[in-house]
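Here's a quick tour of this model, starting from one spot and working outward. Have a look at the structure first, then read on.

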Amino acid sequence: PAADKIRTETIHDFIGNHMDVVSKRSTEEITHYTSMQRELHDSVVDVLHLLFRDVQGRIDATCEDLGSLWVHLVMFSVIQIVAITASLRSHLVEGTLEEYHWWWVLQDLFHLVG
C-alpha cells in the first residue's frame, strides 16, 4: 500500500509537471484535427454543390426542351376529347342521318383513352 501511494504521488507529480506540455500538445492536436475536418467538410460540400448545380442545369434544359411538346400534347388531348364528345353527341343524341358504325366506337374509345 505504501509503495502504491508513492507510485500514485509520483505519477501525479509527473503529470502535474508535464501538464502544460500535454495540454498544449492536446490543444494543438485538437485544433489541427478540427481544421482538417473543416477543410474536408468544405471540400465535400463544394463537390456536392458542383454536382447538384450540373444536374439541376441539365434538368432545367430538359424542361425547356420538352415544354413546348407538353403544351402541344395537352392541347391535342383537349381537342381530341372535344371532338370525340361532339361526335358521340351528334350520332347518339341528335340522331344524324348517317349510321354510326361499330368501328367508330372503337376508334373513339382508342382516341379517348390515348
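Let's start with Leu-88, which sits in helix α1. Keep in mind that this is a predicted model. Is Leu-88 buried, exposed or something in between? Leu-88 counts as partly exposed, because its relative accessibility is 28% and that category covers the range between under 20% (buried) and over 50% (exposed). Leu-88 also has a partner further along the chain: Val-105 comes 17 residues away in sequence, yet the C-alpha atoms of the two are 8.6 Å apart in space.

Now for two other residues of the helix. Helix α1 covers residues 2-93, and Ile-79 is part of it. Ser-77 belongs to helix α1 too. Here's how the three residues line up on accessibility:

| Residue | Relative accessible area | Class |
|---|---|---|
| Ser-77 | 32% | partly exposed |
| Ile-79 | 56% | exposed |
| Leu-88 | 28% | partly exposed |

What does the side chain of Ser-77 have beside it? One of its polar atoms lies 2.8 Å from the backbone oxygen of Leu-73. That pair fits within the 3.5 Å cut-off for a polar contact.

Ile-79, for its part, helps build a nonpolar patch on the surface. Its companions there are Trp-70, Val-71, Val-74, Met-75, Val-78 and Val-82, and the patch comes to about 690 Å². Ile-79 can qualify on accessibility because its 56% is above the 30% that patch residues have to exceed.

Zooming out, how many helices and strands does the chain have? The count is two helices and zero strands. Of its 114 residues, just 6% count as buried. The chain's accessible surface is about 10,300 Å², with carbon and sulfur atoms making up 67% of that area.

Definitions and conventions:
Residues are numbered from 1 along each chain as its sequence is written. This is a predicted model: local features need pLDDT of at least 70, side-chain atom pairs count only at pLDDT 80 or more; totals for chains, interfaces and linings use all residues. Side-chain values use heavy atoms; hydrogens and water are left out. Patches are made of residues with over 30% relative accessible area and no salt bridge: like charges are joined within 9 Å, nonpolar side chains (Val, Leu, Ile, Met, Phe, Trp, Tyr) within 5 Å. Accessible areas come from the Shrake-Rupley method with a 1.4 Å probe; for residues, only the protein chains shown count as cover. A salt bridge is a side-chain nitrogen of Lys or Arg within 4 Å of a carboxyl oxygen of Asp or Glu. Helices (H or I, at least four residues) and strands (E, at least two) are DSSP runs, numbered from the N terminus. Buried means under 20% relative accessible area, exposed over 50%, partly exposed in between (1.4 Å probe, protein chains only). A polar contact is a pair of N or O atoms within 3.5 Å; within protein, one must be able to donate a hydrogen and the other to accept it, and residues adjacent in sequence count only if both atoms are side-chain atoms.
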